[in-house]
Amino acid sequence: MRTQQTQTAPLVELSAVSKFYGNIKALEGVSLEVHAGEISCVLGDNGAGKSTLIKIIAGLHQHDAGTFSIEGEETRLANPRDALDRGIATVYQDLAVVPLMPVWRNFFLGSEPTKGAGPFKRLDVDLMRRTTRSELLRMGIDLRDVDQPIGTLSGGERQCVAIARAVYFGAKVLVLDEPTAALGVKQSGVVLKYVAAARDAGLGVVLITHNPHHAYLVGDRFVLLKRGAMSGSHTRDEITLDELTREMAGGSELDQLGHELER
């Protein structure tokens, strides 16, 4: 069941944000709201500006115009660590995992708990194994063995581990970069189920995708990008899947192409 939208400030809000690289306009006038317990989908083809938008939200790049607010406070993120400290976790398409390391080691990568002190200080492997297993189960992910190398998992399972990790480490906002792009229908369904689980856990989710069908299955808000600018912004009750697909595909441009291709 979807969480009811509250009247509190969005977890993240971009208002008329632009980003320029010299004379090139990577983004211009893009606005986006991310609320707790909702999924905001950003749709667009390659080159639409989705990657630039992710980098601004993740703290990799700073915007050149417009405002970027976190929980009502206008801000500029200095770097990705700053974003993490503010509760924004980004899961990229390549996932940044170490394939030969076990699942539990990847789950805690960069944030490993230790026990003992001085020369006796060492990784708390038992705690990491137990926590990884219990956190994955809490998200509904039942892995055969958390000791298996994460590279042996399917693409969908690796995405799900990354989502569970972000939830465990206290993310308020989860940004997912094309999580279903390289997956088949069944694996995409698995990932979307865990995206919905993150939403139901109270996170604000930003789902970057070029697939309107996947977006409409879970989305509450939809922002469409085209050549760095917004071509549409809708809430779920304002648009149907057919309308979203048509807008994503270019609408009138598609009709024109159809006429050109007619014999």
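In what sense, parallel or antiparallel, do β9 and strand β10 (residues 204–209) pair, and over how many bridges? In this predicted model, β9 and β10 run in the parallel sense and are joined over 5 bridges. Between the two strands the chain passes through helix α6 (residues 185–200), and the resulting β-α-β crossover is right-handed. Two of the residue pairings help to place the strands against each other: L174 has V205 of β10 as its bridge partner, and D177 is partnered by I208 of the same strand.

Strand β9 (residues 173–177) is a good place to begin a tour of the sheet. With 5 of its 5 residues buried, β9 is largely enclosed by the rest of the structure. In a regular strand the side chains alternate between the two faces of the sheet. Both faces of β9 are covered: V173, V175 and D177 lie on one side and are buried, as are L174 and L176 on the other. Apart from its pairing with β10, strand β9 also pairs with strand β6 (residues 88–91), again in the parallel sense, over 4 bridges. Here I88 is the residue that stands opposite V173.

Strand β10 is likewise mostly covered, as 6 of its 6 residues are buried. G204, V206 and I208 point one way, while V205, L207 and T209 point the other way, and each of these residues is buried. A further neighbour of β10 is strand β3 (residues 39–43), which pairs with it in the parallel sense over 5 bridges. In this pairing C41 of β3 stands opposite L207 of β10.

The approach to β10 offers a contrast in exposure. G202 sits in the loop between α6 and β10 and, at 34% relative accessibility, counts as partly exposed. Leaving aside residues up to four places away in sequence, G202 touches A36 and G37. R86, which is 116 residues from G202 in sequence, lies 16 Å from it in space, C-alpha to C-alpha.

C41 also leads to the matter of cysteines. A disulfide is a covalent bond between the sulfur atoms of two cysteines. The count in this model comes to 0 disulfides. For C41, the nearest cysteine sulfur belongs to C160 and is 17 Å away. Seen from the other end, the sulfur of C160 has its closest cysteine sulfur in C41, and the 17 Å between them is too far for a bond. Both residues are hidden from solvent by the accessibility criterion: C41 is buried at a relative accessible area of 0%, and C160 is buried at 1%.

Among the helices, α1 (residues 50–57) is mostly covered, with 6 of its 8 residues buried. The buried positions are K50, T52, L53, I54, I56 and I57. An α-helix has 3.6 residues a turn, so residues three or four places apart point the same way. Just after α1, G59 adopts a positive phi of about 85 degrees.

Aromatic contacts add another layer to the picture. A pair of aromatic rings is described by the distance of the centres and the angle of the planes. The structure holds 7 aromatic pairs. In one of them, the rings of F108 and F169 have centres 5.8 Å apart and planes at 85 degrees, so the pair is edge-to-face. F108 lies in the loop between α3 (103–107) and β7 (114–115), whereas F169 lies in the loop between α5 (155–168) and β9; the pair therefore ties together parts that are 61 residues apart in sequence. The two partners differ in accessibility: F108 counts as buried at 3%, while F169, with a relative accessible area of 37%, is partly exposed. Ring pairs also link F107, F108, Y168 and F169 into a cluster. Finally, a charged residue meets a ring where R236 lies over the face of Y216, at 4.3 Å from the ring centre.

Note on methods: Residues numbered from 1 in each chain as written. Predicted model: local features only at pLDDT ≥ 70, side-chain atom pairs only at ≥ 80, totals over all residues. Heavy atoms only, no water. Buried < 20%, exposed > 50% of the residue type's maximum accessible area, 1.4 Å probe, protein only. Pairing = 2+ DSSP bridges. Right-handed = clockwise from strand over helix to strand, strands pointing away. Contact = heavy atoms within 4.5 Å. Disulfide = S-S within 2.5 Å. Phe/Tyr/Trp six-rings, centres within 6.5 Å; stacked < 30°, edge-to-face > 60°. Lys NZ or Arg CZ within 6 Å of the ring centre and 35° of its normal.
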